Every structure is written in structure tokens, then in C-alpha cells.
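Work through the exercises below with the sequence and the 3D structure at hand. Each task is followed by a solution in steps.

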There are 2 protein chains.
Amino acid sequence: MRRKITGFSNPTVKYLRSLRDKKHRRQERAFLAEGLRLLTDARQTGHVPQMLVMASGRDPHPLLDALEHDVMAAGGEVIETTSDILAKITGKSNPQAVAGVFAEFDTTLGQIDRTAAPIWLVAQELRDPGNLGTMLRTGDAVGAGGLILIDDCADPFSVEAVRASMGAIFTQRIARARWEEFLPWLRSGTGQLVAASLREAVPYRGAPYAAPCFILVGNESQGLPEGYEAACDLRVTMPMRGRADSLNAALAGAVLAYEVLAGLDEPGGPT
Amino acid sequence: MRRKITGFSNPTVKYLRSLRDKKHRRQERAFLAEGLRLLTDARQTGHVPQMLVMASGRDPHPLLDALEHDVMAAGGEVIETTSDILAKITGKSNPQAVAGVFAEFDTTLGQIDRTAAPIWLVAQELRDPGNLGTMLRTGDAVGAGGLILIDDCADPFSVEAVRASMGAIFTQRIARARWEEFLPWLRSGTGQLVAASLREAVPYRGAPYAAPCFILVGNESQGLPEGYEAACDLRVTMPMRGRADSLNAALAGAVLAYEVLAGLDEPGGPT
């Protein structure tokens, strides 16, 4: 269906604006993704928005045509509005902006098939949406299956995290769990839990990684609680030639994930 | 010297506010760093601010006492002001905030002693101050000597870049140069120029890195110009299991820097 909306008080406008807010995203079980590139990434990975929003008179673009076609074919809505209303929805005054509404994904541990990928990233209390997006990108780059968010993490469906993921939010499985749920789930099947640690640990380089390898990264400022580290199968340490907390969580995760990837790939390696 | 300032129109307030702006930083050859932690990092690496600013009646703190002592001993100024004026200077309404003014460092290539470190990071047209700060942190972590900024990069002395560097701005040498200056400088001495490349390249893992190794990272969206890549001694490629542009420049730089560090450290390695 195609609709034109010209009034600020239209309920659809209110709905769209409300999705910038975590509480409303949870209620509506939906999230916003912005930008033609991100929406095209979504489409290419089989995710079609329920609703597509743009300004009337926006410049035509073949990728936008393709998106509109898919949205209509899937029974979704294409909404044309004024550039003022669009600015209210996106928070930016770019009349070329395009936004899409997607149904929130299932984020239970139950939907994760651990045998589907050799690497899984696990983040504990990751508070920065940008770091969360970066971890999704890293996961995509190393061929990970997804990102498991432990305890109180930033919302992966926030506009900031979705943007920072550069489309990886649509390629990576995402699960949310408390540590008390995660550990029994992990131990109910095969899987090696590895932590980057500043405590007693073996060098990360050439450590005996095994698939499926779950790489656990801690909070940006506190790192992992000691008990969480103790529950790991392997604790590894990275050289820090400078100040103790030189690397941020997302960066340490990326360096470690690439090391695991290389370790699993090596002939005679531990897989 | 210790001064109290209570008027918004005080020239010192204007001066401090102007340092949030690139043009004025250049004119004044000074920059702002904010937060007791960052200022303590600076102090511990021998950088004492010319001017220290805080709100009158701020909670006492032993690290702040130490800072004040060093600033006074070095002939600098300690400025107490109202929390309203402080908020104008820092852009945040935190009455516990502390800001320091530092003299801009020499950023000519001439001050770089390439033999002082085995690794140097080189960024070309890096536009995001956060990425720039992250590269400084990475450099600190791998024991790099510094970061060389090629062509039009974000300003390393912006409040955002300084903050994102988490203190590494004070441990890493920083140079700015056009490519046309950088390449002859590099070739005037020993040094291997390595690029992370999506074009024809050898696997990054176990490539023949040699110190001093200059790791060249390109712009966030365009990557390196072809001619720049062609001028490198070594082009390496990292596995990308997902979408082509999964990793951002700063992240790719970190993964590569850790690989170079390991390569240079290995017994029988190429150093």
C-alpha cells in the first residue's frame, strides 16, 4: 500500500518517531534503519521493511525502486511525507533520507544454531551502541554466526547501533540473555568459551582455539567479572605495550576474533 | 597563578571556548583535554597543561591536587569559575568537570625518529575523530611510535579525537603531511610501507613484516588511492567472510598492527 502523510499529528508519524525510543521499540517489537545503503543491505540479505518512508519528490534511484517494489510485494507500506515530517522522524534534515521499519528479530538463545558457524561473539554489559555495531561488523568480517549480549547491554536495535553495524545487523544472529541463562545453554552442547583477560592467561597467539568458539568480551571500563572469566575454557591475553587499558572492548574482540579465525583455519589446527 | 573568573564575557572564557573550533586551535596552537583521568594520563607522561579550569567548590581529589601543583610549579594558571561558565567551556553540564589547555605538539615529520619504535601507524584521509582516537589507542597498545596523518584527516587535537584516544594522544607522536612530502621522507631512510588492501596482495598472516614497519590505512569509505597502494613495499589482505567492507579502517588497522607486532616478535622472524 502507498500512502501520503502531510500532518505532524498523524498516528503513523507518532509511531515512527516513537521507535527512536527503547521502551517503544520493545512494545512495538520493531526498529528503524535509515539510509538507502543500509536498507539495500537489508534487502540483499532477505530483510524487507514493513514500512518504507521518504519525502515526496525525493530523487529517484534504482535501488529505491527495487526496495519499494519488494515492500509492496510483501504487503508492506510505502509512505510519502513532507521533508519537515521526515526530518522529525529521522532526526536529520536530509530530504533524501529514507527510513524503514523492520520487525525486531527473535533474540532468544533458542534460535541460535551453534553448529552453523565456527565463531560466535559474546559481549557482556557492552554499553556503547557504537561498539555494539562495531562488534556486529567484526562478526560479519570473520564469518561469525552472531552476537550474544549478556546482562545489560546497549540495545542492538537502537538507531545508533543499527547504523554502526553498517548492515551487519541483518547478517548476524543476535541473542540476549542473562549470564545465568547463557552458561547452562552453552554447556548443554559443544562450544569453547574464550575470554580476553588481563588476569592469568595464555598468550592469545596460537592458543588452542576450537570451533564453535565463543569469544567473550567484557564491559568497556570494568572488563569481565572474575567469576565469568573463571567459567571460561580458555583465558588468553594480548600484548599491551602501552597503558594497561589501551584497547577498547570492541577492538580487542576484533583482534582476538581474527586470531581465532586463523587458528581454526590452519592445517593441523585444533578444529 | 590562580584566578577566579565569574563573567561570561571574560577574554579567558572566550579563549577557552574558541579552542573547540579547529580554526582557533590552529591560530592559538593549543588544544583542550577534558576529564581528570585524561589530564592525569597527560601528567603521567610529562604533559602539564598551561591552564587548568574547574568550577569553584568542586569536590577535592588527590589527583586534582597533584595536577594543580604541577601546573603552578610550571608557571601555568589554575582557573576557578562558576559551573555555568564551565558548562559553556566544556559543552557539558557537569560541575565536576576539569579541563586543561595544552600547547599543540610539533606535527612535522622532522620530529619523528623512526628508529625509536618498530611500528608506526599511517592514516590517509581518516575523517572520523573517533577512528583517529582509536588508532592512537591501538598504536599505544602495540608499542607504536606514533601516528602519521596523510592528506586531509580529522584534527587529532579536536576534543572528540583527544577524548577517544583515552590518553594515547600524549604517548604517541603525531605528524601531519601530504603524501608528496611523506613518501620522500619515508624513502630517505629505512622503513617498510605496508598497506591493508583489497586488491592484489599476500595474506596478512605471516607476511614478511620488517621494522620499522609503517602500516598504512586508508579512508573509511574509499580506502587507499591505487597509486598509494602501488608505492607500498608490501600489500596484505585480511579474510573478509562477510560483506566486502565489513571492517572499518581503524579496526583493520588494529588487526594488522597486532599481526605485525607478532611477526616482528617471533624468533627467526623478519626483524
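## Exercises on chain A

The domain assignment splits chain A into domain 1 (2-103) and domain 2 (109-265). The model is predicted.

**Exercise 1.** State how far apart the C-alpha centres of domain 1 and domain 2 of chain A lie, and how many residues of each domain are in contact with the other.

*Solution.* Begin with the centres: they are 31 Å apart. Next, take the contacts, which need C-beta atoms within 7 Å. Twelve residues of domain 1 of chain A meet this condition with nine residues of domain 2 of chain A.

**Exercise 2.** Describe the side of domain 1 of chain A that touches domain 2 of chain A.

*Solution.* First list the elements that each supply at least two residues: helix 2 (22-28), strand 2 (30-34) and helix 3 (36-44) of chain A. Then find the one that gives the most: strand 2 of chain A, with four residues. Last, sort the residues of this side by type: five are nonpolar, two polar and five charged.

**Exercise 3.** Decide whether chain A is as compact as a globular protein of its length.

*Solution.* Start with the secondary structure of chain A, which has ten helices and twelve strands. The radius of gyration of chain A is 21 Å, and the globule rule gives 18 Å for 271 residues; these are close, so chain A is as compact as a globular protein of that length.

**Exercise 4.** What percentage of the 271 residues in chain A is buried?

*Solution.* A residue counts as buried if 20 or more other C-beta atoms lie within 10 Å of its own. In chain A, 46% of the 271 residues are buried.

Notes: Residues numbered from 1 in each chain as written. Chains lettered and ligands numbered in written order. Predicted model: local features only at pLDDT ≥ 70, side-chain atom pairs only at ≥ 80, totals over all residues. Rg over C-alpha atoms; globule rule 2.2 N^0.38 Å. Buried ≥ 20, exposed ≤ 12 C-beta atoms within 10 Å, placed from the backbone. Domains from an automatic or database assignment. Contact = placed C-beta atoms within 7 Å. Nonpolar A, V, L, I, M, F, W, Y, C, P; charged D, E, K, R; others polar.
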